Amino acid sequence: MKTTHSIWEILDEGVTFEPVDLKSSFIKNAMLFEISEDTDDGTFPRVSDYMRFANSLDSDGTSYFLNRLSRKKNKSELDFCGVKITRESQWDCKAILEFPEPIDVIMGHVGEKAIIEKVKIIQGEFTHDWFFRKSGRQDKIANGFEIWFEVEKYLG
């Protein structure tokens, strides 16, 4: 059985979600939402565009990324590829994700057998992490970032 921690594979291919714990980071029980780096020409045509985005992400936190998902005035309810993201305020990183259809989630294991449940609503918190690459276009700050959703509990 194929499992993933990436929201794109969950939504596009219907792969079973298995939260990841990164050993080299503070990220625990999480789903990968976005990964981007300074070499992404379509997203960041100039190094200065990436640096401006990265500095805002660093100073304002992950809510800066979430607020850029929508041009609407009300940024407490967002849509990300059909997934409804609900927050209490536009500067809050705590959120509730509601998927259009229930997804398969690995809740644990009994021996080698995975315990899988269907889940449609997940509560948790968005966070971000930085990474460095030798092939980046600049060397002043981290070359890339990842946006993660740390799962606190499954609501239904």
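# Salt bridges, lone cysteines and a greasy patch

Lys-2, Glu-9 and Glu-13 are linked in a network of salt bridges.

Colleague: Before we go on, what sort of model is this?

Modeller: This is a predicted model, and the structure holds eight salt bridges.

Colleague: What makes Glu-9 and Lys-2 a salt bridge?

Modeller: Their side chains meet with N and O 3.2 Å apart. The cut-off is 4 Å between a Lys or Arg side-chain nitrogen and an Asp or Glu carboxyl oxygen, so the pair qualifies. The general idea is that side chains of opposite charge can pair when their charged atoms come close.

Colleague: And why is Glu-9 called partly exposed?

Modeller: Its relative accessible area is 25%. Buried needs under 20% and exposed needs over 50%, so a value in between is called partly exposed.

Colleague: How do you know that Glu-37 and Arg-133 form a salt bridge?

Modeller: Same check: their side chains meet at 3.3 Å, N to O, and the limit is 4 Å, so we count the pair.

Colleague: Which parts does that pair tie together?

Modeller: Glu-37 lies in strand S3, while Arg-133 is in the loop between strand S7 and strand S8, so the pair ties together parts that are 96 residues apart in sequence.

Colleague: Are those two residues buried or exposed?

Modeller: Glu-37 has 15% relative accessibility, so it counts as buried, with the line drawn at under 20%. Arg-133 comes out at 41%, so it is partly exposed.

Colleague: What about Lys-118 and Asp-104: what makes them a salt bridge?

Modeller: Their closest N and O atoms are 3.0 Å apart, which is within 4 Å, so they pass. Lys-118 lies in strand S7 and Asp-104 in strand S6, so this pair ties together parts that are 14 residues apart in sequence.

Colleague: Why is Lys-118 called exposed?

Modeller: Because its relative accessible area is 56%, and exposed means over 50%. Asp-104 has 23%, so it counts as partly exposed.

Colleague: On to the cysteines. How do you know that Cys-81 is not bonded to another cysteine?

Modeller: The closest cysteine sulfur, in Cys-93, is 19 Å away, so it is too far for a bond. A disulfide needs the two sulfur atoms within 2.5 Å. Cys-93 is in no disulfide either, and the count comes to zero disulfides.

Colleague: Which of the words buried and exposed fits each cysteine?

Modeller: Cys-81 is at 55% relative accessibility, so it counts as exposed. Cys-93 has 15%, so it is buried.

Colleague: Which residues make the nonpolar surface patch?

Modeller: Met-107, Val-110 and Ile-115 make a patch of about 250 Å². Val-110 is found in strand S6.

Colleague: Why is Val-110 called exposed?

Modeller: It has 56% relative accessibility, and the word exposed applies over 50%, so the label fits.

Colleague: Last one: what makes Asp-21 and Asn-29 a polar contact?

Modeller: The side chain of Asp-21 reaches the backbone nitrogen of Asn-29 at 2.5 Å. The cut-off for such a pair of N or O atoms is 3.5 Å, so the distance fits. Asp-21 sits in the loop between strand S2 and S3, and it also touches Ile-27 and Lys-28. With a relative accessible area of 44%, Asp-21 is partly exposed.

Key
Residues numbered from 1 in each chain as written. Predicted model: local features only at pLDDT ≥ 70, side-chain atom pairs only at ≥ 80, totals over all residues. Heavy atoms only, no water. Patch = residues over 30% accessible without salt bridge, like charges linked within 9 Å, V, L, I, M, F, W, Y side chains within 5 Å. Areas by Shrake-Rupley, 256 points an atom, 1.4 Å probe, with all protein chains shown as cover. Helix = DSSP H or I, 4+ residues; strand = E, 2+ residues; numbered from the N terminus. Buried < 20%, exposed > 50% of the residue type's maximum accessible area, 1.4 Å probe, protein only. Contact = heavy atoms within 4.5 Å. Polar contact = N/O pair within 3.5 Å; in protein donor to acceptor, adjacent residues only side chain to side chain. Lists of a residue's contacts leave out its neighbours within four places in sequence.
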